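I opened this notebook page to record what I looked up about aromatic rings and the charges that sit over them. The entries follow the order in which I worked.

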Amino acid sequence: MKQKWLAVYMAGSLLAGSGMTYMGITIFEKKQEKHATDHTMESNSLYKLDKAYQLILQNYVENVDKQKLEDGAIRGMLATLEDPYSVYMDQEAAKQFEQALDSSFEGIGAEISIEDDKMIIVSPIKGSPAEKAGIKPQDQIISVDGETVEGKDLNDVIGKIKGEKGTKVELEIKRTTVDKPLKVKIVRDEVPQITVYSDIKKDGGEKIGYIEITSFSKDTAIEFEKALSSLEKKGIAGLILDVRGNPGGLLTSVNAIVEQFLTDSKPYVQIENRNGDREQFYSDLSKEKEYPVVVLIDNGSASASEILAAALKEGADYPLIGENSFGKGTVQQPILMDDGSEIKLTVSKWLTPDGNWIHKQGIKPTIEVKQTDLYHTHPLQIVDNLKMEDNDEQVKYAQEILTSLGFTTDRQDGYYSPQTEIAVRAFQEKNTLEVTGIIDKKTAAKMEESVRQEKLKDENDIQLQTAIRYIVH
C-alpha cells in the first residue's frame, strides 16, 4: 500500500480553521534539502527583499517590531499566490492548531475557510456551541464582536473567535436565504472530539447500521473500526455512512476507513503534483462488503469527507444521498519554521478514483434530497418583544419556525397577523409557557430549542429516511 507518506495533519482546527487537507510528503522534504544546498547560489535573488527589510527596519519614522515585519513579509508572499489555503501561522496560532487535534478543545466549534476574500463557515461541529446557536454551512462572517473582518488575515479572525469556556463572542453573518445580516451570540464551551456515533435503524424488521463521522481526527479510524465491528456482529442488512457537516480531517484516518470498503480494482485517491504527475493509492481489499452501503453528504461535507464520498461513489458504485458537497480538492503541506511558527502551503491536488477534480464544484449526490424547512430556520434575535401588527424580519423568522414545528400561520412575510398570534399562543400552551401570544426572549429560546429537538428525530430527517428506504427496498 502506498500510504506511508499520506497525511499527518487535519483539515482545519475544528475551532475555526482554514478548511485544509494535509499530507506529509517525503519528496517535498527532499526538495527542501536541495534548496538548502543551493542557498548560496540563490542568495543574490534575495538581495532586494533583504534591502527592503533593512530599509524599513533602520529608516522608518517609528520603531519597527522585527517579528511583525518578518511575519508580514511571509504573509505578503503567500498572499500573492491568491490561494486561501496557503497560510502562515505565528507561534501562538500554530500551537493552538496543534491543541485542536487533542481529544477536546475550548471554542465555538466551527470550521472556517476563505472564498473570494470572504470568511465562510464550512461547517459547525456536531453538538458544538456554533451549531446550537444556529450557525450553518456557507454562512459568511462579516464581523466579530462588532469589528469587521474585511481585509483581515484568517488567523487574526480565528484568534478573535477563539476563547475560553464560558466567554461570549458575537458573529455577524450573511446568509444567502436572508435579506439582512444576522447577529449571533455564541457562548464558548468545551468541544469534545468524539468523532464517531453509531446506531441501529430498524425498518420492516431489518437492521440498518448507521455510523456518523463528524470529523477525521487522530482516533477516528479506531473508533470507526470498533463501531463497524459491533454493528456487523448484530447482523445488519446494510450500512449508512453519514458525513454531513463533516469539515474533513486527517487523511490517514479517512484512508483507513475507505480501505475497508474499496477493493484494489481502482485507486481510492490520486495525488497530482505541479507537473501533472500522479500517485495512485490502492486498498489491499479483494472483496467488497456483502451488504449495501449508502453515504449521506451535504454542503458541509468538505475535504477528507469528499475523499471518502468520491472514493465510495466512483470506486465501489455506492450511492451518495443528500446535497452537493463543499468542493475542496487541494492538499497542503505543513512546514514547521525554526521559531515554532508554521507555513501551510498548497503543494498538490487530490483527484477522485476516475481522475476528477472536485475543487470549487463539490460532488453531486447520486440521489439529491433536500431537507425540509425545519433544517433551514434562522436564529431569533429578540431585543423587544414581538407582538400583533409588528412587521419585521424577526417576525418572519418566527413564522418560519412555527410553521416548521407544525403550527399554522397564514403568512410568512414578517407581518404579525392575528393567525400568527394564535399560533404563538398554541406553541406557548403546548410548551407550558405563559400564554400571551407575544414572543418574548423566553418564548423565542423555547422555539429554537424545539427546532433543535425536532431535528434530532429520525422521522424528520428525510435524507436519512431516503437512505433507509434505499437499503431496505
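**Rings and charges**

I began with a charge over a ring: in this predicted model, the charged end of Lys349 sits over the ring of Trp357, at 4.1 Å from the ring centre.

I then looked for a charge at Phe261, and noted that the charged end of Lys289 sits over the ring of Phe261, 5.7 Å from its centre.

Next I turned to rings paired with rings, and the search of the whole structure returned two aromatic pairs. For Phe224 and Phe261 I read a distance of 6.1 Å between the ring centres and an angle of 70° between the planes, so I entered this pair as edge-to-face, given that planes over 60 degrees apart count as such. I placed Phe224 in helix α8 (residues 220-233) and Phe261 in the loop between α9 (251-258) and β13 (269-272), so the pair ties together parts that are 37 residues apart in sequence. I also looked up accessibility: Phe224 is buried, with a relative accessible area of 0%, and for Phe261, likewise buried, the value is 0%.

The other entry concerns Phe407 and Phe427, whose ring centres are 5.7 Å apart and whose planes stand at 80°, so I recorded this pair as edge-to-face. I located Phe407 in the loop between α11 (393-404) and α12 (418-430) and Phe427 in helix α12, and noted that the pair links distant parts of the chain, 20 residues apart. On accessibility, I wrote down that Phe407 and Phe427 are both buried.

Note on methods. Residues numbered from 1 in each chain as written. Predicted model: local features only at pLDDT ≥ 70, side-chain atom pairs only at ≥ 80, totals over all residues. Heavy atoms only, no water. Phe/Tyr/Trp six-rings, centres within 6.5 Å; stacked < 30°, edge-to-face > 60°. Helix = DSSP H or I, 4+ residues; strand = E, 2+ residues; numbered from the N terminus. Buried < 20%, exposed > 50% of the residue type's maximum accessible area, 1.4 Å probe, protein only. Lys NZ or Arg CZ within 6 Å of the ring centre and 35° of its normal.
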